[in-house]
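Visitor: I would love a close look at one part of this model, a pair of neighbouring strands to begin with. Could you take me there and then show me what else is worth seeing?

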Amino acid sequence: MSTPPLAAAASAQVPASASAPVPAAGSDAVPVPGARFPDGPAADPAGSRGEHRIRSFHARRGRVTQAQAAAIDRHWDAWGVELDGSPLDLAALFGSADMPVVLEIGFGMGDATARMAAADPATGILAVDVHTPGQGNLLALADRAGLTNVRVANGDAVVLLRDMLPPGSLSGLRVYFPDPWPKAKHNKRRLIQSSFLDLVLPLLRPGAVVHCATDWEPYAEQMLDVLGAAPGLANVHPAEGFAPRPDFRPMTKFERQGLAKGHVVRDLLFTRV
């Protein structure tokens, strides 16, 4: 199949000061070119923009606050990962050969990611996004909460899945509220499709959990169809199809926005067999 498009709580005991977002762009915001982090995150670390394939994301460098830039300056060398196509050693990245690693694609500002990391410190989270303010914010949240199990990856997730990870290296995949691309002509840009799973499934070890969530009903139905048809995946809730909202997934900004509009939020939980 063709290469896919990609970007993309339990009451986690993160102190309130740590889980609060780093101040949004405002009087202390500076344009990315003037920020202090010259060596990363790079705009296109793998040089993949020249590849002719459909994408489900737009790179969003945006405006970065001083606090977010400072977090990148302090922690990128240790906690940041450039998705440049080079093989990635997860054991070396997380400092443990025994730590299971879950991949999260698209984490926004990182609030839910930080809370889930705090609730399960024995699991590593490799969080991928192209939004520079969110990358800085998640690094700042991890620093404030003393989290050592979060790594922030910058770049195109297809490069990570296709070129950088060995088979059976992931214990889970999380995709929360990806862009629904609601116009029919843009549906081909949606992340969750069979060609995406062609890249993901070989990387999942037996028992790995695939967890998706969306508030866009047509996309939820597509997710259910695609995941249900994938060889090697089993629905945790086969009778109902969709899963009850799990306590371990924190409420996200996108979820609150969807609920405010009257949308129904759907969770999907599948396991690798």
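Visitor: In which sense, parallel or antiparallel, do β9 and β10 pair, and over how many bridges?

Guide: Happily! Strand β9 (residues 233–235) runs antiparallel to β10, and three bridges join them; strands count as paired if DSSP finds at least two bridges between them. Before we go on, remember that this is a predicted model, where local features need pLDDT of at least 70 and side-chain atom pairs pLDDT 80 or more, while totals for chains, interfaces and linings use all residues. Residues are numbered from 1 along each chain as its sequence is written, and side-chain values use heavy atoms, without hydrogens or water.

Look for Ala-234, whose bridge partner in β10 is Thr-271. Strand β10 itself spans residues 266–272, and five of its seven residues are buried, meaning under 20% relative accessible area with a 1.4 Å probe and protein chains only as cover (over 50% is exposed, and in between is partly exposed). Strand β8 (residues 204–214) also pairs with β10 in the antiparallel sense, over six bridges. There you will find Ala-213 opposite Asp-267 of β10.

Now step back for a moment. The chain holds nine helices and ten strands, which are DSSP runs numbered from the N terminus: H or I of at least four residues for helices, E of at least two for strands. Of its 273 residues, 53% count as buried.

Our next stop is β4, residues 101–105, where five of five residues are buried. Val-101, Leu-103 and Ile-105 are covered on one side, and Val-102 and Glu-104 on the other. This strand pairs in the parallel sense with β5 (residues 124–129), over five bridges; the partner of Glu-104 in β5 is Ala-127.

From β4, you can follow contacts to Arg-174, a residue of strand β7 (residues 170–176). Leaving out residues up to four places away in sequence, Arg-174 touches Val-102, Leu-103, Glu-104 and Ile-105, as well as Met-116, Ile-125 and His-211; a contact means heavy atoms within 4.5 Å. Arg-174 is buried, with a relative accessible area of 14%. Phe-107 is 67 residues from Arg-174 in sequence, yet their C-alpha atoms are 9.3 Å apart.

Leu-126 reaches β4 residues too: beyond its neighbours within four places, its contacts include Val-101, Val-102, Leu-103 and Glu-104. In the largest nonpolar core, which has 46 residues, Leu-126 and Ile-192 touch the most other members. Another core lies apart from it, with 22 residues, including Met-116 and Tyr-176. A nonpolar core here is a set of buried Ala, Val, Leu, Ile, Met, Phe, Trp, Tyr and Cys residues joined through side-chain atoms within 4.5 Å.

Tyr-176 has a charged companion: the charged end of Arg-249 sits over its ring, 5.8 Å from the centre. Likewise, Lys-253 lies over the face of Phe-254, at 5.0 Å from the ring centre. The rule asks for NZ of Lys or CZ of Arg within 6 Å of the centre and within 35 degrees of the ring normal.

Let's finish at Phe-177, in the loop between β7 and α7 (194–200). Most residues other than glycine have a negative phi. For Phe-177, however, phi is positive, near 55 degrees. Phe-177 is also buried, with a relative accessible area of 8%.
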